[in-house]
Every structure is written in C-alpha cells, then in structure tokens.
Amino acid sequence: MTKIKSLDDLRQKKQQLEQSLDIREKSDHPENLVQIKVAMATCGIASGARTVMNALVEKIKKENIPAVVTQTGCMGYCYAEPTVEVTKPGFDPVVFSYVDVKKAEEIVDKYILNNELIDGILPANYQTI
Amino acid sequence: MYKMQLLVCGGTGCRASASATIVEKLNESLKAHQLTEEAQVVTTGCFGFCEKGPIVKVIPDNTFYTQVKPEDAEEIVAEHILKGRKVSRLLYENPENQEHIADSRHMGFYQKQMRIALRNCGVIDPENIDEYIGRDGYSALAQVVTDLTPEQAIAMVKQSGLRGRGGAGFPTGLKWEITSKFSSDQKYVVCNADEGDPGAFMDRSILEGDPNSIIEAMAICGYCIGATKGLVYIRAEYPLAIKRLEIAIAQAREYGLLGNNIFGSKFSFDMELRYGAGAFVCGEETALIASMEGKRGEPRVKPPFPAESGYMQKPTNVNNVETFANVPVIFLKGPEWYSSIGTEKSKGTKVFALAGKINNVGLIEVPMGITLREIIYEIGGGIKNGKKFKAVQTGGPSGGCLTEAHLDTPIDFDSLVAAGSMMGSGGMIVMDEDDCMVSIAKFYLEFIVEESCGKCTPCRIGNKRMLEILEKITQGKGNMEDLDHLRNLAYVIKDTSLCGLGQSSPNPVLSTLENFYDEYVAHVKDKRCFAKKCKALARYTIDPDVCTGCTICARNCPVEAITGEKREPHFIHQEICIHCGVCYQKCKFNAIIVE
C-alpha cells in the first residue's frame with residue numbers, strides 16, 4: 001500500500017474511490033438527479049435490456065452526468081421493449097421505446113444533455129406515486 | 001464498475017441472525033447468475049433498525065429488505081438484481097395501513113432521524129479504510145494538521161458547542177483546552193468505549209460500523225492537546241468492535257495516517273487498545289484510568305482531574321466514542337453548521353438505543369430538542385401490542401423514569417436533568433401498563449449493588465440498604481415509614497458518594513418515588529401491585545363460573561391451599577396461599593384470576 005503523505009495524496013485517493021461509493025451517495029437523494037429506469041422484466045431482458053442498461057451506466061459515467069440508473073419491473077409496454085424511463089428533476093417522466101445501445105447513447109446526448117426529444121416516445125398513460 | 005450494490009448489515013445484532021451466511025449466499029447466487037461484474041455485496045455496520053434485522057439494502061433504488069433469511073438470498077438476486085422485481089414479501093410493512101414501503105427514506109423510523117455520529121454506519125464497509133476515505137474520511141485530520149494551529153482547532157470545537165456524549169455533557173472543546181494547557185513530556189488521548197448502561201449499544205455500533213472515524217477524531221484531539229499517543233479502553237465483551245478497530249488501526253498505519261509525520265506535518269500519533277473486563281464503574285474516567293494502568297478499577301477523588309494527572313500521572317483527555325464520532329464532521333461542515341442543529345445549550349444530535357415495550361427496537365440518531373413523543377410514537381412506532389404508555393427510562397441506572405407528562409418536553413442535557421432524569425449514554429427503555437415501577441427501581445438498584453466498586457461507604461452500604469427496603473415493599477412487608485427512609489437514604493447517597501456512579505445511583509428510586517408515588521403507596525398500604533409483577537402481592541382466586549373442577553390446580557398446589565370436589569368449582573384458601581402462581585400456569589381453562 002502506498003503511503004498518504006499529503007493532503008493532495010488524500011484527495012487523489014478519494015477521487016479514485018469515489019466511484020464505488022457514488023451510487024450509495026446518490027441513492028440518498030435521487031430526486032435531485034436524473035433518474036433512469038430500465039424495464040428489466042423477462043420481456044425486457046429477452047430483448048436486450050441488460051446490454052442497454054450497461055451501456056447507459058457506462059455512458060453516464062463517461063459524460064459525468066449526475067444520474068442514477070436503476071432497473072425496474074415490467075412497465076407494461078412488452079411490445080416495445082426494451083423500454084427506458086427518464087425523469088429529469090422538475091420534469092415529467094418520459095418513456096423511450098425500442099431502445100438499443102445506439103439509441104441509449106442518443107437519449108443521453110439529445111434528451112438528457114440538450115432537452116431534445118427523439119423518436120420512439122411512448123405516451124404517458126400512468127402515474128407514479 | 002458496479003451498477004448495483006447489496007448492503008448487508010454486519011453489526012452484532014444482524015450477525016447473530018446469520019447475516020454472514022446471507023452474504024455468502026448472495027455471493028453464490030450472483031455467481032450462479034453471472035452477475036458478479038454488475039452487482040457487489042458489501043458488509044456494512046448497523047442500520048439501526050435492529051427490530052427487523054437482518055437488513056439487506058439494495059442500492060441505488062434504496063430497497064430496504066427486512067428479516068432476511070439465508071434462503072431468501074437466491075430470490076433477491078434472481079428477482080431483484082436480475083429482473084428488477086422487488087421481493088415484496090421481504091419489504092417493510094407500514095404498521096398503520098399494512099402497505100409495503102420499499103424505500104427506507106419513506107419509513108417513519110428514518111424520516112425524523114438525522115445521522116451525524118452514525119453517518120457511515122450501514123453505508124460503508126467498516127473493514128475497508130478506502131470506503132471511509134471515499135466518504136471524506138481523514139480529510140478533517142488533513143485539514144487540521146496542515147492548515148490549523150491547535151488553538152484554532154480547539155476554538156472550532158468550542159464554537160460547535162459539542163458536549164460529551166458519555167452522560168454528564170461536559171463541553172468537549174473546553175476539556176481539550178484545559179488538557180492542552182498542562183505541559184508535559186507525554187500526554188494521552190483516551191477513548192472511553194466501556195459502554196456499561198444496560199440496553200445501550202451506540203458506542204459498539206459506531207466502533208463496528210465506522211471505526212476509522214474514531215481513529216481520525218482521536219488523532220485530531222491528539223494534535224489539539226499535544227498528545228502523541230491514543231488509547232481505546234474497550235470492553236472485552238465487544239469482540240467484533242475490537243476486531244474491526246484493530247483492522248482499521250492496521251490499515252491506517254499502512255497508509256501512514258497513523259505514525260510519524262502525518263500528512264507531512266510534524267505531528268505524530270499512534271494508538272493501541274486496552275481491554276476492560278466489563279465493569280460499570282470503569283466508565284467513570286478515574287476508574288477507567290486506574291484499570292488501564294493495571295490497577296483495580298476504582299475511582300479516586302478529583303481534583304486532580306485527568307486533564308492534569310491522568311494515565312501514568314500524565315495529562316489525559318478522556319472522551320466517549322460518540323463524542324469522538326462527531327468531531328470530524330465539525331471540521332468538514334464547519335462549527336456554524338454543527339451549532340445550527342439542536343437546542344440553545346445542547347448542540348448537534350444524540351444517538352439513542354430504543355428498547356423495551358416499543359414496536360421499533362433499534363438505534364436512532366435525532367437532533368437535540370426532539371420530544372419524547374416524536375421518538376416513541378413516530379420513530380419507535382408506538383407501544384407494542386397496542387398497550388398504554390406508562391413511562392420511559394432514560395440514562396440507564398443513573399437516570400430516571402419520565403412519565404406521560406414529560407412526553408412533550410424537548411430533550412436535551414438540561415431538560416432531562418430538570419425532569420429528574422439524565423441523558424446518560426442514551427439508553428431509552430419504554431415501559432407499558434404491565435410494568436411495575438417499584439420492580440423497575442429494584443431492578444436498577446440490583447444492578448448498582450452488583451456494580452458498586454465498594455470503595456466509598458454511601459454507595460456500597462447505602463444502596464444495599466435501599467435494595468433491602470425495596471425488597472421488603474415488593475414482598476408486601478413495607479410500611480409508610482419505609483418510603484421516607486428510602487427518600488432520605490437516597491439523598492444521603494447522592495450527596496456523599498465519591499464518584500458519578502454513587503451520586504447518580506438513587507436516581508431510578510427518586511424519580512419513581514416522585515412520579516409514581518401512588519404505586520409505592522399501593523404496594524405499602526393496600527398491599528397491591530397493579531401491574532401484577534410483584535408475585536407476593538398477587539391475589540389468586542378461582543372464577544366459579546369458568547372452573548370445570550378438573551383438579552389440576554389442587555394437585556399441583558405445593559401447599560395444598562386449593563380444595564374442591566371433582567367436577568365442582570374449586571376454592572383457594574387465601575391464608576394458606578403462598579402466591580407462587582403454579583395454579584395460574586397449570587389451569588387450562590383460564591379460571592384463575594390474578595388481582
């Protein structure tokens with residue numbers, strides 16, 4: 001183990017470690033963050049939701065976006081899987097359909113970063129309480 | 001990078017219910033489902049909700065699984081981690097409307113809490129110093145030793161208003177300042193981890209869940225008072241806390257966070273453990289120091305205070321575990337932030353161990369100034385089995401019993417003393433209508449008599465005499481004079497005992513005499529115990545309408561006090577009955593009435 005000899009050493013060390021603790025910090029106040037939910041029921045998984053979720057996690061990390069990616073059960077849109085619900089702080093949730101890795105990146109680049117809506121949005125027909 | 005984490009409680013309580021096996025099983029299941037790259041299992045410290053342990057919390061969606069068994073591990077992984085479906089049968093059920101609450105932030109138990117001393121308990125892996133560093137660990141120490149003079153640092157602790165959490169509530173900054181003023185070739189920082197109050201376990205939980213915070217705070221204290229050596233006096237009955245503290249000390253040494261020239265400064269600090277054998281009196285600082293020196297754990301006359309002449313006759317600063325746990329936060333968030341929490345004279349938060357007849361038994365941390373009602377009814381979820389609240393005992397054997405009239409008093413050091421109890425280390429035992437207050441006072445006195453070191457006469461003999469009077473009363477042999485004797489004796493012990501143990505030992509008796517005088521009178525005059533706890537005062541009779549004449553009571557009565565014909569109602573002869581209760585236990589038809 002390398003010694004921590006100065007305040008800078010400690011800061012560096014902290015930065016390296018922050019990522020693994022990041023999701024624990026974020027889970028305490030998700031309402032201030034972009035919340036991304038990937039539907040991961042049997043239908044979702046069968047259509048590739050797991051790869052989509054991993055891609056989203058990677059992309060969020062790369063772009064350094066304050067977001068929390070969670071999985072959820074079947075949202076009921078089995079015909080349009082994989083589906084992803086994005087809730088930006090202060091906005092209503094938006095559900096994207098037929099999401100693949102490419103579309104996942106598009107969601108991040110266009111909707112999350114620039115507020116641009118993209119094709120394949122499902123009309124919201126439910127309320128989350 | 002993991003996208004999900006499973007936090008499993010590794011505190012003593014949950015480990016006793018097989019949480020270590022749960023960790024194993026979770027790991028096995030993750031492996032079987034090839035999810036080891038995506039999800040990670042972390043063993044953390046105590047979540048506080050011990051009533052519902054073992055706890056498994058899934059992050060980032062904050063799902064709080066309660067009373068998990070090892071065989072549930074596979075279902076959690078297969079359903080929640082793989083498919084995103086929460087296992088609803090393991091979720092916390094809101095007792096008010098039987099609805100499941102998945103997110104711990106929405107549970108009544110957590111809503112009113114504010115966690116400073118317990119900030120990392122249930123969040124980080126206590127056996128991995130990296131997780132502590134990742135949560136700003138050791139940043140306060142770095143800031144103090146590189147940027148501040150000891151005087152500046154002490155000024156910040158004073159400004160924060162932090163008071164000792166061990167019981168008496170002495171201002172921490174002032175204690176540090178006094179110790180810093182004495183010059184000596186060697187000074188010591190001592191952490192008092194001899195948690196002795198029955199039912200209190202906050203110090204253990206902090207050491208088990210976040211041992212590095214204590215190391216960091218002790219080093220800060222060392223820098224402030226000019227000490228290079230830290231000692232933790234911990235009871236040998238806390239093996240898990242000892243193990244985790246040892247791991248943390250070894251890891252801190254490897255990183256150079258303990259040792260010479262910490263953070264490149266001129267400050268050096270190292271620490272070691274001293275084991276106690278679990279005597280209540282050793283929580284008193286002079287007795288603690290004597291025990292650390294290898295002598296009998298007996299207190300001595302103060303002054304000189306340990307700040308002047310403590311361990312090995314050197315200036316010594318003794319603080320309690322919870323006090324230390326608050327220290328790094330004061331530097332990270334600033335003394336103004338800290339002093340904005342709490343009441344005028346008691347700043348910050350206090351950890352309480354909720355126990356007794358309450359729905360949510362566990363460890364809670366609340367801002368000073370919260371009321372007992374909020375703690376008992378909102379956090380604690382009210383009284384078990386819908387019974388009626390009777391009293392709450394705070395401060396352990398040194399504290400007192402508070403009644404319904406005190407429920408809306410804001411709690412802080414001074415208001416509790418004014419109400420005839422004390423903060424103590426934060427034990428809080430809730431009692432319902434089935435508890436006999438005379439028996440409760442007797443219980444605490446039995447504890448004191450057992451734990452009194454015997455050095456001074458008032459405590460050694462006085463408490464013994466008080467106990468004898470209480471025994472007399474509970475056996476129905478007391479008279480009204482005994483109550484006066486009891487009160488006089490209590491004041492003498494309070495005024496003349498050598499140390500804090502003796503001075504506060506009559507508190508349970510005095511506060512019950514004050515608040516439940518009628519109950520004492522009922523025991524003495526009417527020879528009745530309304531709570532039916534004092535067996536000698538119970539009156540057993542047979543309900544002739546219910547009795548079937550099965551003869552089981554008569555056959556089991558050891559003194560042949562029951563007579564009656566077969567298939568005819570039986571009768572208990574009160575002049576022979578010795579109130580043993582055997583008939584009550586044996587009767588299959590609930591025909592025995594206890595009054």
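Start by selecting B:Arg163: with 26 C-beta neighbours inside 10 Å, this residue counts as buried. You are looking at a predicted model, so please read every stop on this tour in that light.

**Stop 1: around B:Arg163**

Keep B:Arg163 selected and show the backbone on either side. The residue sits in a loop of chain B, with α7 (150-160) before the loop and α8 (172-181) after the loop. Which residues does B:Arg163 touch, leaving aside those up to four places away in sequence? Show B:Gly169, B:Phe170, B:Pro171 and B:Thr172, then add B:Ser346 and B:Phe413, and you have the set. Why does B:Arg163 count as buried? The cut-off is 20 or more other C-beta atoms within 10 Å, and B:Arg163 has 26 such neighbours.

If you would like a sense of scale, draw a distance from B:Arg163 to B:Arg105. These two residues are 58 apart along the chain, and their C-alpha atoms are separated by 29 Å.

**Stop 2: helix α13 of chain B**

Now select residues 321-333 of chain B, which form helix α13. Is this helix mostly covered or mostly open? Mostly covered: 11 of its 13 residues are buried. Colour B:Val321, B:Glu322, B:Thr323, B:Phe324, B:Ala325, B:Asn326, B:Val327, B:Pro328, B:Val329, B:Ile330 and B:Phe331 to see the buried ones. Step just past the helix and you reach B:Gly334, which takes a positive phi of about 95°.

Leave α13(B) on display and add α6 (residues 139-147) of chain B. The two helices pack at an angle of about 65°, and their axes are 8 Å apart. That angle makes α6(B) roughly perpendicular to α13(B). The crossing of α6(B) past α13(B) is left-handed. To see the contact itself, show side chains for B:Ser139, B:Ala140, B:Gln143 and B:Val144 on α6(B), together with B:Pro328, B:Phe331 and B:Leu332 on α13(B). By class, these contact residues are 5 nonpolar and 2 polar, with no charged residues.

**Stop 3: a second helix pair, α18 and α19**

Hide the first pair and select residues 457-474 of chain B for α18, then residues 480-496 for α19. Here the axes come within 10 Å and cross at roughly 160°. That makes α18(B) roughly antiparallel to α19(B). The crossing is again worth turning in the viewer: α18(B) passes α19(B) in a left-handed way.

Which residues of these two helices meet? Colour each side separately:

- On α18(B), pick B:Pro458, B:Cys459, B:Gly462, B:Asn463, B:Arg465, B:Met466, B:Ile469, B:Lys472 and B:Ile473.
- On α19(B), pick B:Asp482, B:His485, B:Leu486, B:Leu489, B:Ala490, B:Val492, B:Ile493 and B:Thr496.

The residues of this contact include 10 nonpolar, 4 polar and 3 charged.

**Stop 4: the domains of chain B**

Zoom out and colour chain B by its domain assignment: domain 1 (4-107), domain 2 (129-338), domain 3 (349-432), domain 4 (437-524) and domain 5 (538-594). Focus on domains 3 and 4 of chain B, whose C-alpha centres lie 22 Å apart. Their contact takes 12 residues from domain 3 of chain B and 14 residues from domain 4 of chain B.

On the domain 3 side of that contact, look for the strands β13 (389-394) and β14 (400-403) of chain B, each of which supplies at least two residues. The largest share of this side comes from β14(B), with 3 residues. This face of domain 3 has 5 nonpolar and 7 polar residues, and no charged ones.

**Stop 5: chain A and its meeting with chain B**

Finally, select chain A. How many helices and strands does chain A have? There are 4 helices and 5 strands, and from the N terminus on they run α-β-α-α-β-β-β-α-β. The C-alpha trace of chain A spans about 55 × 30 × 25 Å along its principal axes. Of the 129 residues of chain A, 32% count as buried.

Bring chain B back: 31 residues of chain A are in contact with 27 residues of chain B. On chain A, the elements giving two or more residues to this side are α1 (7-26), α2 (42-46), α3 (49-63) and β2 (67-72). Highlight α1(A), which gives the most, with 12 residues. The chain A side divides into 14 nonpolar, 9 polar and 8 charged residues.

Technical notes: Residues are numbered from 1 along each chain as its sequence is written. Chains are lettered from A and ligands numbered from 1 in the order in which they are written. This is a predicted model: local features need pLDDT of at least 70, side-chain atom pairs count only at pLDDT 80 or more; totals for chains, interfaces and linings use all residues. Two residues are in contact if their C-beta atoms, placed from the backbone, lie within 7 Å. Ala, Val, Leu, Ile, Met, Phe, Trp, Tyr, Cys and Pro count as nonpolar, Asp, Glu, Lys and Arg as charged, and the others, Gly among them, as polar. Domain bounds come from an automatic or database domain assignment. A residue is buried if 20 or more other C-beta atoms lie within 10 Å of its own, exposed if 12 or fewer, and partly exposed in between; C-beta atoms are placed from the backbone. Axes are lines fitted to C-alpha atoms, for helices over the stretch in contact, and angles run from 0 to 180 degrees between N-to-C directions. Angles under 35 degrees count as roughly parallel, over 145 as roughly antiparallel, 65 to 115 as roughly perpendicular and the rest as oblique. A crossing is left-handed if the near helix is turned anticlockwise from the far one by less than a right angle, and right-handed if clockwise.
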